[in-house]
Amino acid sequence: MTLCWRALFLLCCVLSCVQSFSPSPVLQRSKYNDSFSLTRSTRTRVQQLQKKYKEQQLGNKHFEDRSRQLNDLPLLSTDFYSWLKLTDWERLHSAFVDMQAYWNRLDRKRKQLEGEEKEQMVSRVVGTTLPQNIRHVQHDLRDLMSQVSSQLSYMRSSWTKPTFPTPLNPQNGSQTVWDSSVEGYIILRDLDLYLTRLARDFLFLASKTH
């Protein structure tokens with residue numbers, strides 16, 4: 001009889017430990033809602049930056065061009081049923097990888113603009129604030145990536161957050177000044193659309209914790 005009680009006691013301890021290491025649905029929902037809020041505020045910042053970028057770099061704050069794409073940015077079109085079938089792990093891991101791709105692209109563009117600022121510093125009384133604005137967006141993306149990484153570590157203890165690689169800055173001598181400016185617009189245009197999709201993902205994940 002004593003042996004049975006010991007076995008029952010050990011079983012209770014194990015179940016208690018498992019429960020303590022598993023985040024509660026309420027906590028999970030709160031984390032997803034926090035990520036949703038940060039995604040929305042980041043999108044607002046991106047939209048403001050995009051308007052300023054088009055005005056300063058393209059000379060027209062109403063500039064639009066939907067025909068151009070960048071091959072190294074995540075695809076924005078998704079099949080609804082394929083999206084619905086994604087596991088939580090696949091959804092979050094994809095978000096982490098996609099955000100890192102945008103972060104890298106923004107970093108290259110920011111460094112390019114900083115270099116142009118230094119070259120034109122003599123002729124400019126007031127320098128542009130675009131690089132600083134881009135850096136703010138990068139900080140928001142990094143915070144979002146940290147939140148997603150935390151969620152991934154809940155799901156799999158083996159998950160480790162990758163280190164940020166040093167983005168390559170390939171020399172593209174054939175690219176015109178205009179094409180380079182439009183490239184920055186494309187990055188911000190697609191990031192705006194991507195963050196809309198990401199916000200939808202966080203809302204969907206939060207709804208599954210009820």
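**Close-up views of a six-helix predicted model**

**View 1. Residue N133 and its surroundings in helix α5.** In this predicted model, N133 has its place in helix α5, which spans residues 130–155. N133 is buried, because its relative accessible area is 19% and the cut-off for that class is under 20%. When residues up to four places away in sequence are not counted, N133 touches L49 and K52.

**View 2. Packing of helix α5 against helix α6.** The two helices pack at an angle of about 25°, and their axes lie 14 Å apart. Since angles under 35 degrees count as roughly parallel, α5 and α6 are therefore roughly parallel to each other. The crossing of α5 and α6 is left-handed. On the α5 side, the contact is made by V137, L141, L144 and V148, and on the α6 side by L191, L195, L198 and F202. Sorted by class, the residues in this contact of α5 with α6 comprise eight nonpolar, no polar and no charged ones.

**View 3. Packing of helix α4 against helix α6.** Helix α4, made up of residues 88–120, packs against helix α6, made up of residues 177–207, at an angle of about 155°, with the axes of the two helices 10 Å apart. Because angles over 145 degrees count as roughly antiparallel, α4 and α6 are therefore roughly antiparallel to each other. The crossing of α4 and α6 is left-handed. The residues of the contact of α4 with α6 divide into 13 nonpolar, three polar and nine charged.

**View 4. Residue L203 of helix α6 and its spatial relation to N33.** L203 is found in helix α6. With a relative accessible area of 43%, L203 is partly exposed, because this value falls between the limits of 20% for buried and 50% for exposed. Although L203 and N33 are 170 residues apart along the chain, their C-alpha atoms are separated by 7.0 Å.

**View 5. The protein chain as the setting for the close-ups.** The protein chain holds six helices and zero strands, and from the N terminus on its elements run α-α-α-α-α-α. Of its 210 residues, 37% count as buried. Among the contacts in the protein chain with a separation of 6 or more, 88% are accounted for by residues 24 or more positions apart. The protein chain exposes about 12900 Å², of which carbon and sulfur atoms supply 57%.

Terms used: Residues are numbered from 1 along each chain as its sequence is written. This is a predicted model: local features need pLDDT of at least 70, side-chain atom pairs count only at pLDDT 80 or more; totals for chains, interfaces and linings use all residues. Side-chain values use heavy atoms; hydrogens and water are left out. Axes are lines fitted to C-alpha atoms, for helices over the stretch in contact, and angles run from 0 to 180 degrees between N-to-C directions. Helices (H or I, at least four residues) and strands (E, at least two) are DSSP runs, numbered from the N terminus. Angles under 35 degrees count as roughly parallel, over 145 as roughly antiparallel, 65 to 115 as roughly perpendicular and the rest as oblique. A crossing is left-handed if the near helix is turned anticlockwise from the far one by less than a right angle, and right-handed if clockwise. Ala, Val, Leu, Ile, Met, Phe, Trp, Tyr, Cys and Pro count as nonpolar, Asp, Glu, Lys and Arg as charged, and the others, Gly among them, as polar. Buried means under 20% relative accessible area, exposed over 50%, partly exposed in between (1.4 Å probe, protein chains only). Contact means heavy atoms within 4.5 Å. Accessible areas come from the Shrake-Rupley method with a 1.4 Å probe; for residues, only the protein chains shown count as cover.
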